[in-house]
Amino acid sequence: MSTDHRSLRRALGRFVTGVTIVTTVDASGRPLGLTANSFNSVSLDPPMVLWSLARSSRNMAAFENAEHYAINILASDQTGLSNRFARPAQDRFQGVDWHLGTCGVPVLAGVTAVFECRNNTRVDGGDHVVFLGQVEAFDHADREPLIYHGGRYATPHYGISSP
């Protein structure tokens, strides 16, 4: 079966996603991070989440070998941060407000939620690797999330809806 990748990407873009920055430290303790919108909850007991990374990512080895990583869910005013971590840069953390979290990985300031995870399981997902992490620490704030839809950033417009 041949797939028109551009058309498939447009169809997938119809699904609204949140925007995250996944962070860890490399073998030398240097912070690493990248923007990802492939995040989802898996289980409450035990608490688990997932995200995926392209096999071609230059950060693949660091994330595969990391004991922990953090999934930082961005707030609606963090578009610039998302763009910064989505593009190649020598030091994406330069000038960014962050601290080491409970599990020893970078946690970004101002996010709407963060999940610090043990790097438990990795699953083959075609041209991506799916990371399943066991949540060991988390925090959240009452902030509007940054969302992505149809190839663009957006913010939710909360309202009351009928069941």
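This is a chat between two people about selected features of a predicted model.

Colleague: Let's start in the middle of things: how many residues of strand S6 are buried?

Modeller: In this predicted model, 6 of the 6 residues of strand S6, which covers residues 68-73, are buried, so the strand is largely enclosed by the rest of the structure.

Colleague: And which way do the residues of S6 point?

Modeller: His-68, Ala-70 and Asn-72 point one way from S6, while Tyr-69, Ile-71 and Ile-73 point the other way, and all of them are buried. As a general rule, in a regular strand the side chains alternate between the two faces of the sheet.

Colleague: Which strands does S6 pair with?

Modeller: One is strand S2, residues 20-25, which pairs with S6 in the antiparallel sense over 4 bridges, and within that pairing Ile-21 has Asn-72 of S6 as its bridge partner. Another is strand S9, residues 113-125, which is also antiparallel to S6 and is joined to it over 6 bridges; here the bridge partner of His-68 is Arg-118 in S9.

Colleague: Arg-118 sounds worth following. Which side chain meets that of Arg-118 in a salt bridge at 3.4 Å?

Modeller: That is Glu-67, whose side chain meets the side chain of Arg-118 with an N to O distance of 3.4 Å. The pair links distant parts of the chain, since Glu-67 sits in the loop between helix H2 (60-65) and S6, whereas Arg-118 belongs to strand S9, 51 residues apart.

Colleague: Are those two buried or exposed?

Modeller: Glu-67 counts as exposed, with 51% relative accessibility, and the cut-off it has to pass is 50%. Arg-118 is partly exposed, with a relative accessible area of 31%.

Colleague: What about Glu-136, what does it form with Arg-118?

Modeller: Glu-136 forms a salt bridge with Arg-118, and the closest N and O atoms are 2.8 Å apart. Glu-136 lies in strand S10 (residues 128-140) and Arg-118 in strand S9, so this pair ties together parts that are 18 residues apart in sequence. Glu-136 itself counts as partly exposed, at 39% relative accessibility. Through shared partners, the salt bridges join Glu-67, Arg-118 and Glu-136 into one network.

Colleague: How many salt bridges turn up in the whole structure?

Modeller: A search of the whole structure finds 5 salt bridges. One of them is between the side chains of Arg-30 and Asp-26, at 3.2 Å from N to O; Arg-30 is partly exposed, with a relative accessible area of 41%, whereas Asp-26 is buried, with a relative accessible area of 17%.

Colleague: Switching topic, where is Ser-82, and what does it touch?

Modeller: Ser-82 lies in helix H3, which covers residues 79-86, and Ser-82 counts as buried because its relative accessibility is 0%. Leaving aside residues up to four places away in sequence, Ser-82 touches Val-19, Ile-21, Thr-35, Leu-74, Leu-146 and Tyr-153. You have already met Ile-21 in this list as the bridge partner of Asn-72 in S6.

Colleague: Which strands make up the open sheet, and in what order?

Modeller: The open sheet has 3 strands in the order S1-S11-S12, with antiparallel pairing. Strand S1 (17-18) and strand S12 (152-154) stand at the edges with a single partner strand each, so one side of each is left without a neighbour in the sheet. S1 pairs with strand S11, residues 147-149, over 2 bridges, and there Thr-17 stands opposite Tyr-148 in S11.

Colleague: And Arg-152, is that buried or exposed?

Modeller: Arg-152, which lies in strand S12, counts as exposed at 60% relative accessibility. Arg-152 and Ser-28 are 124 residues apart in sequence, and their C-alpha atoms are 35 Å apart in space.

Colleague: Last topic: what joins S4 to S5?

Modeller: S4 and S5 run antiparallel and are joined by 5 bridges, with Ser-41 standing opposite Val-49 in S5. A hairpin through 2 residues leads from S4 to S5.

Colleague: Which bond joins Asp-45 and Pro-46?

Modeller: A cis peptide bond joins Asp-45 and Pro-46, with omega at about 0 degrees. Pro-46 is found in the loop between strand S4 (39-44) and strand S5 (47-54), the two strands joined by the hairpin.

Conventions. Residues numbered from 1 in each chain as written. Predicted model: local features only at pLDDT ≥ 70, side-chain atom pairs only at ≥ 80, totals over all residues. Heavy atoms only, no water. Buried < 20%, exposed > 50% of the residue type's maximum accessible area, 1.4 Å probe, protein only. Contact = heavy atoms within 4.5 Å. Pairing = 2+ DSSP bridges. Salt bridge = Lys/Arg side-chain N within 4 Å of Asp/Glu carboxyl O.
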